[in-house]
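Work through the exercises below with the coordinates open. Each task is followed by a stepwise solution.

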Amino acid sequence: KLQSYPYLKPGDAIPVATPRLFEIRSGKEIPISHDLFANPWSLDFQRWSDDGTRCWLLYNERGHQKMRVLEITLATGEVRAIVDESSTTFIHYSTEGKMELRWLKDHTLLWASERSGWNHLYRFDASSGKLVNAVTSGEWNVRRIESIDEDSGQIWFYAVGLNSGQDPYHEQFCRANLDGTEFVQLTEGDGTHKVQWSPD
């Protein structure tokens, strides 16, 4: 007995889900331009603004060569890119440390990017969309974030490739300020390290 399952082939039209915005009292739709998310592989809601006038989405373009953090102004439907990441090859979005989007209390967002050729952390102003600073930099990779203390403005994370002559997959534990200053490598031994925090 033949059993068949239809699936999309190259060239087939792909169904696309898009957000739609309505004014509740009147029921009137507020048009949203799709120009900045025309070909989504995924389009994920992130959060509302504190005053409820804006929301943010994360757009991953089909082919995984563009990712954007998009802001929608609800009164007008205006869409703008707060972060616009692109690559001629591939954006590695599916691994811890390679995909970081964290909203901080000072209205900045923390974003991981390989734009320098190395995986590092960057801070963007969530209001203007401007790059505030690189939190980390150098010819090594941030592997994953362990902890962020926004009150002290510090971040703890694991990094790989820091020490020449060591296996580049060995993780070292590090700390830096969110403003990009005072990077400190806290472990150095030739191996991967596991950290246990003291009770306080």
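**Exercise 1. Arg 115 and its partners**

Task: In this predicted model, over the face of which ring does Arg 115 lie? Then find the salt-bridge partner of Arg 115 and place both residues.

Solution.
- Step 1. Arg 115 lies over the face of Tyr 122, and the ring centre is 5.3 Å away. The cut-off for a charge over a ring is 6 Å from NZ of Lys or CZ of Arg to the centre, together with 35 degrees from the ring normal.
- Step 2. Arg 115 also forms a salt bridge with Glu 85, with 2.5 Å between the closest N and O atoms.
- Step 3. Arg 115 is in the loop between strand E8 (108-113) and strand E9 (120-125), while Glu 85 belongs to strand E6 (residues 78-86), so the bridge ties together parts 30 residues apart in sequence.
- Step 4. Arg 115 has 40% relative accessibility and therefore counts as partly exposed. Glu 85 has a relative accessible area of 7%, so Glu 85 is buried.

**Exercise 2. Arg 144 in its sheet**

Task: Which ring does the charged end of Arg 144 sit over, and which side chain meets Arg 144 in a salt bridge? Set both contacts in the strand order of the sheet.

Solution.
- Step 1. The charged end of Arg 144 sits over the ring of Tyr 158, at 4.0 Å from the centre.
- Step 2. The salt-bridge partner is Glu 171, with an N to O distance of 2.8 Å. Glu 171 lies in strand E13 and Arg 144 in strand E11 (residues 141-149), so this pair ties together parts 27 residues apart in sequence.
- Step 3. Check accessibility. Glu 171 is at 8% and so counts as buried. Arg 144 is at 22%, so Arg 144 is partly exposed. The boundary used here is 20%.
- Step 4. Now the sheet. The strand order is E11-E12-E13-E14, in an open sheet of four strands with antiparallel pairing. Its edge strands are E11 and strand E14 (184-185), each of which pairs on one side only.
- Step 5. E11 and E12 run antiparallel and are joined by seven bridges. Arg 144 stands opposite Tyr 158 in E12.

**Exercise 3. Aromatic pairs**

Task: How many aromatic pairs does the structure hold? Classify the pair Trp 56 and Trp 103, then the pair Tyr 158 and Phe 173.

Solution.
- Step 1. The structure holds ten aromatic pairs.
- Step 2. Trp 56 and Trp 103 have centres 5.0 Å apart and planes at 50 degrees, and the pair is tilted. Planes under 30 degrees apart would count as stacked, and over 60 as edge-to-face.
- Step 3. Trp 56 lies in strand E4 (residues 54-61) and Trp 103 in strand E7 (residues 101-103), so the pair ties together parts 47 residues apart in sequence. Both Trp 56 and Trp 103 are buried.
- Step 4. Tyr 158 and Phe 173 are also a tilted pair, at 5.0 Å centre to centre and 50 degrees between the planes. Tyr 158 is in strand E12 and Phe 173 in strand E13, so this pair ties together parts 15 residues apart in sequence.
- Step 5. Tyr 158 is buried, with 2% relative accessible area. Phe 173 counts as buried at 4%.
- Step 6. Extend the pair. Trp 156, Tyr 158, Phe 173 and Trp 197 form one aromatic cluster.

**Exercise 4. Salt bridges and cysteines**

Task: How many salt bridges are counted, and how many disulfides? Examine the bridge between Glu 23 and Arg 25.

Solution.
- Step 1. The salt-bridge count comes to twelve. Side chains of opposite charge can pair when their charged atoms come close.
- Step 2. Glu 23 and Arg 25 form a salt bridge, with the closest N and O atoms 4.0 Å apart. The cut-off is 4 Å.
- Step 3. Glu 23 is partly exposed at 29%, whereas Arg 25 counts as exposed at 81%.
- Step 4. Look for a network. Arg 54, Glu 71 and Arg 80 are linked by salt bridges in one.
- Step 5. The disulfide count is zero. Cys 55 counts as buried at 6% relative accessibility, and Cys 174 counts as buried at 0%.

**Exercise 5. Pro 168**

Task: Where is Pro 168 found, and which residues does Pro 168 touch beyond four places in sequence?

Solution.
- Step 1. Pro 168 is in the loop between strand E12 (154-160) and strand E13 (171-177).
- Step 2. With residues up to four places away left out, Pro 168 touches Val 160 and Gly 161.
- Step 3. Pro 168 counts as partly exposed, at 48% relative accessibility.
- Step 4. Gly 191 is 23 residues from Pro 168 along the chain, and their C-alpha atoms are separated by 9.7 Å.

Note on methods: Residues are numbered from 1 along each chain as its sequence is written. This is a predicted model: local features need pLDDT of at least 70, side-chain atom pairs count only at pLDDT 80 or more; totals for chains, interfaces and linings use all residues. Side-chain values use heavy atoms; hydrogens and water are left out. Helices (H or I, at least four residues) and strands (E, at least two) are DSSP runs, numbered from the N terminus. Buried means under 20% relative accessible area, exposed over 50%, partly exposed in between (1.4 Å probe, protein chains only). Contact means heavy atoms within 4.5 Å. Rings of Phe, Tyr and Trp (its six-membered ring) pair if their centres lie within 6.5 Å; planes under 30 degrees apart count as stacked, over 60 as edge-to-face and the rest as tilted. A disulfide is a pair of cysteine sulfur atoms within 2.5 Å. Two strands pair if DSSP finds at least two bridges between them.
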